[in-house]
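Please work through the exercises below with the sequence and the model open beside you. Each one sets a task and then solves it step by step.

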Amino acid sequence: MSGPLSGVRVVELGGIGPAPFAAMMMSDLGAEVVRIDRPLGGDLGEHQRHELDLLLRGRRSIALDLKARRGQETVLRLLDRADVLLDPFRPGVAERLGIGPGPVLERNPRLIYGRMTGWGQTGPLATAAGHDINYVALAGPLAAIGRRDTPPPPVLNLVGDFGGGGMVMVVGVLAALLERARSNRGQVIDAAMVDGTAALFASIVGFMNMGVWNGNREDNFLDGGAPYYDSYATADGRYITIGSIEPQFYALLLDRLGLDPGEWPQDDRSRWPALRVRLTEIFASATRDHWVEVFEGTDVCFAPVLTVDEAMAHPHLKARGTYVTEFGMRQPAPVPRFDRTPGSIQSPPCSPGEHTRTALADWGFAEREIAELIEAGVAVDRPRVTSA
């Protein structure tokens, strides 16, 4: 294993979304991650094909029945050797399973116990179910996203799950590991997607405080209100994006389009509707590739809207290796980049129970103990699932 987290051992309790994303990030950075899956598999039914789920890349899977006493004891022994635990359960679930912070940190006071939830460990909604769209809605950003006369749209699950959830958890774990180097003590991290989403919203809340952002959707300079920061359709049914916020970039946009800056002052909001109509007409008059030739690489702040396949073939992303094909699958490369200790994709996505025997053995369990756990049905050793 390579990467700046080489030597760090992580136990991930099986879940979906932000906790697996955090585990993927830490594995890509060199950590050894073992995932504890349920014996019967995952939570998403037909939506989850583990062998193709990129969030499960780079670690090994042990299938354990956490409701069984011996399953709980097995997890506790794994945590004795771990640096980090990722707990994706609702508040109180780990405690009911006997693997809450109390008994775990008593056995291993240096453990970083990361708790990943939607609503947080405290508050009236703490034990309620939810998903990304709910956290983004309650925290405020969703009210500011989308077109004026339509309901706010789903924004995939990038904001709450991965930006405000998994990425915030990674930051928390790294900070806790750094602090542990001074104190020699672990601690519990309460990473709530609703909190992380609010943190991501800081700049917009700041604009509101300054009085330069109002509460109306599609009426501000970053929400589709300004015609110089938006996406436009092209003649071939594709799309481009323009982000000419700074005055010099806006001036270059007008120059490339042959528009008179005297007729289209950037800060005259009364002219924004007419400028949007004009830009819509201009961009619809030629293909996306034509506008790539006109704008790409300039300070207009331009990019075509690409599919994943197109993005992988784009010269810039190809040069950087932003997407790679490894283990027969296209996937994003590890981030960020390190010059001395580069990260890597350690292995393909794991299937539940695929590594039960080998991982338990590597973490200190005797062959006899492993055989007894499997014979008792507490652990399941399952061959790797492969796609047809």
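The exercises go from the whole chain to its sheets, then to backbone details and a pocket.

The structure is a predicted model, in which local features need pLDDT of at least 70 and side-chain atom pairs count only at pLDDT 80 or more, while totals for chains, interfaces and linings use all residues. Residues are numbered from 1 along each chain as its sequence is written, and side-chain values use heavy atoms, with hydrogens and water left out.

**Exercise 1. Describe the chain as a whole.**

Step 1. Begin with the secondary structure: the chain has 15 helices and 12 strands, where helices (H or I, at least four residues) and strands (E, at least two) are DSSP runs numbered from the N terminus.

Step 2. Turn to the extent of the chain, whose C-alpha atoms fill a box of roughly 80 × 45 × 40 Å along the principal axes.

Step 3. Of the 388 residues, 46% are buried; buried means under 20% relative accessible area, exposed over 50%, and partly exposed in between, with a 1.4 Å probe and protein chains only.

Step 4. Among the contacts (heavy atoms within 4.5 Å) with a separation of 6 or more, 68% are between residues 24 or more positions apart.

**Exercise 2. Trace the open sheet of 7 strands and find what packs on it.**

Step 1. The strand order is 6-5-4-1-2-3-12, with mixed pairing; two strands pair if DSSP finds at least two bridges between them.

Step 2. Strand 6 (187–192) and strand 12 (379–380) each have a single partner strand, so one side of each lacks a neighbour in the sheet.

Step 3. Strand 2 (residues 32–37) runs parallel to strand 3 (residues 60–64) over 4 bridges, and the partner of V34 in strand 3 is R60.

Step 4. Helix 2 (residues 69–80) packs on this sheet and touches strand 1 (9–13), strand 2, strand 3 and strand 4 (84–87), its direction making about 150° with that of strand 3; axes are lines fitted to C-alpha atoms, for helices over the stretch in contact, and angles run from 0 to 180 degrees between N-to-C directions.

Step 5. Strand 4 pairs in the parallel sense with strand 1 over 3 bridges, and 4 bridges join strand 4 to strand 5, again in parallel.

Step 6. L85 can be followed to both sides, since L85 is the bridge partner of V11 and also stands opposite Y113 in strand 5.

Step 7. From strand 4, V84 and L86 point one way and L85 and D87 the other, and all are buried.

**Exercise 3. Trace the open sheet of 3 strands.**

Step 1. The order is 7-8-9 with antiparallel pairing, and strand 7 and strand 9 (302–304) are the edge strands, each pairing on one side only.

Step 2. Strand 7 and strand 8 (residues 239–243) pair over 5 bridges and form a hairpin with 5 residues between them, where G237 in the turn has a positive phi of about 80°.

Step 3. I240 of strand 8 stands opposite Y232 and has P304 as its bridge partner in strand 9.

Step 4. Along strand 7, D230 and Y232 point to one face and are buried, whereas Y229, S231 and A233 point to the other and are not.

**Exercise 4. Locate three backbone features that call for a closer look.**

Step 1. As background, most residues other than glycine have a negative phi, and most peptide bonds are trans.

Step 2. N184, in the loop between helix 6 and strand 6, has a positive phi near 65° and is partly exposed, at a relative accessible area of 45%.

Step 3. E218, in the loop between helix 8 and strand 7, has a positive phi of about 60° but counts as buried, at 16% relative accessibility.

Step 4. A cis peptide bond with omega of about -10° joins V335 and P336, and P336 lies in the loop between strand 11 (329–332) and helix 14 (356–362).

**Exercise 5. Characterise the second largest pocket.**

Step 1. A pocket, on a 1 Å grid over the protein atoms alone, is an open set of points where a 1.4 Å probe fits, with protein on both sides within 12 Å along at least five of seven lines, and lining residues have an atom within 4 Å of a point.

Step 2. The second largest pocket is lined by 22 residues, of which I145, G146, V155, L222 and D223 lie nearest its centre.

Step 3. Helix 6 (158–183), helix 7 (193–200), helix 8 (202–210) and strand 7 (229–233) are the elements that give two or more residues to this lining.

Notes. Points joined across faces, edges and corners; volume = space filled by probe spheres on them.
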